[in-house]
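Here is a report on selected residues, pockets and aromatic contacts. Please read it alongside the structure.

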Amino acid sequence: MLVLLPPSEGKAPSGRGTPLKPESLSLPGLAATREAVLGELVELCLGDEDKAREVLGLSEGLRGEVAKNAELRTAGARPAGEIYTGVLYDALDLASLEPAAKRRAAASLLVFSGLWGAVRVTDRIPSYRCSMGTKLPGLGALGAYWRAPMADALPEVAGGGLVLDLRSSAYAGAWKPKGEVAGRTATVRVLHAPTRKVVSHFNKATKGRIVRSLLSAGAAPANPAELVEALRGLGYEVEAQAPGRAGQSWALDVLVAEVH
């Protein structure tokens, strides 16, 4: 099982660890694109601060993020699972998982990123600010810039098993499963059962709980149909729509009665 996650806007501080070693990151096929984006981002943030804030969409209160980006090559690095914070990652709570579940997380979770493309939760990265919606002056929109290298690298990473896609739309645009990979991919919405509406906070929190439940239970669904059964067995109310034609993914709705 491969689980695709969005990053978080908020991130923990880099800390005082060893600086980034780009060659150590997973998915080495993305290395050249990572270097191009990293170089462009650092150059931007070493220059005019107001321009950098405008490009990155940062408010005055987030001015310090520009200086943080300028030091990405020398800042301390920590496992990505410790860097990413926010609602989904709080609910997932990687640090408190049992050792076997942590090993499963290391093998199955892939976090998409405007800067790194995609990283494993064990990859050591510094804290940064660069969303997939950013348009860097020399590279253009990052979602489009990542598309070709992702199309080359991700099918191999997906292997022959289930792909559970929990990404937000901005990150889903960087790589869309195609062909037979799409047929074993399941996307998930979390709906408030009484209203059938998506609400951002509990959407993210429930996705984090779903991943934690699967990891903790040692569930190993091989395809979307088995995922539906696994989630129901874990107490989730799930409605599933199988693909109507080749090249489409399964669509799963997880219904939640309470907003929390």
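Asn203 touches Arg189, Val190 and Val198, leaving out residues up to four places away in sequence. This is a predicted model. Asn203 sits in helix α11, which covers residues 200–217. Its side chain also has a polar partner: a polar atom of the Asn203 side chain lies 3.4 Å from the backbone nitrogen of Val190. Is Asn203 buried or exposed? Asn203 counts as buried because its relative accessibility is 13%, and the cut-off for buried is under 20%.

**Pockets**

Helix α11 returns in the pockets. The largest pocket holds about 370 Å³ of space. Its lining has 18 residues, and those closest to the centre are Pro6, Pro7, Ser8, Ser168 and Lys204. Two helices, α5 (87–92) and α11, each supply at least two lining residues. Which element gives the most to this lining? Helix α11 does, with four residues.

The second largest pocket has a volume of about 300 Å³. It is lined by 15 residues, with Gly81, Glu82, Asp93, Leu94 and Ala95 nearest its centre. Here α4 (80–83), α5 and α6 (99–108) are the elements that give two or more residues. The top contributor is α6, with three residues.

The make-up of each lining is set out below.

| Pocket | Nonpolar residues | Polar residues | Charged residues |
|---|---|---|---|
| Largest pocket | seven | seven | four |
| Second largest pocket | eight | three | four |

**Aromatic pairs**

A pair of aromatic rings is described by the distance of the centres and the angle of the planes. The structure holds three aromatic pairs. One of them joins Tyr84 and Tyr128, with 6.3 Å centre to centre and 90 degrees between the planes. That geometry is edge-to-face. The pair links distant parts of the chain, since its two residues are 44 residues apart. Tyr84 lies in the loop between α4 and α5. Tyr128 lies in the loop between β5 (124–125) and β6 (135–136). Both Tyr84 and Tyr128 are buried. Which residues make up the aromatic cluster? Tyr84, Tyr89, Trp116 and Tyr128 form one cluster.

**Two alanines**

Next come Ala174 and Ala158. Ala174 is placed in the loop between α9 (169–172) and α10 (179–183). Why does Ala174 count as buried? Its relative accessibility is 0%, so Ala174 falls in the buried class. Outside its neighbours within four places in sequence, Ala174 is in contact with Met132, Gly143, Trp146, Arg147 and Met150. Ala174 is also 9.4 Å from Ser113 in space, C-alpha to C-alpha, although the two are 61 residues apart in sequence.

Ala158 lies in helix α8, residues 147–158. Ala158 counts as buried because its relative accessibility is 6%. Which residues does Ala158 contact, leaving aside neighbours within four places in sequence? They are Leu2, Val163, Trp175, Val181 and Arg184. The C-alpha atoms of Ala158 and Pro177 are 9.1 Å apart, with their positions 19 residues apart in sequence counted as separation.

Technical notes
Residues numbered from 1 in each chain as written. Predicted model: local features only at pLDDT ≥ 70, side-chain atom pairs only at ≥ 80, totals over all residues. Heavy atoms only, no water. Buried < 20%, exposed > 50% of the residue type's maximum accessible area, 1.4 Å probe, protein only. Polar contact = N/O pair within 3.5 Å; in protein donor to acceptor, adjacent residues only side chain to side chain. Contact = heavy atoms within 4.5 Å. 1 Å grid on protein atoms, 1.4 Å probe; cavity = no way out; pocket = protein on both sides within 12 Å on 5 of 7 lines; lining within 4 Å. Points joined across faces, edges and corners; volume = space filled by probe spheres on them. Nonpolar A, V, L, I, M, F, W, Y, C, P; charged D, E, K, R; others polar. Phe/Tyr/Trp six-rings, centres within 6.5 Å; stacked < 30°, edge-to-face > 60°.
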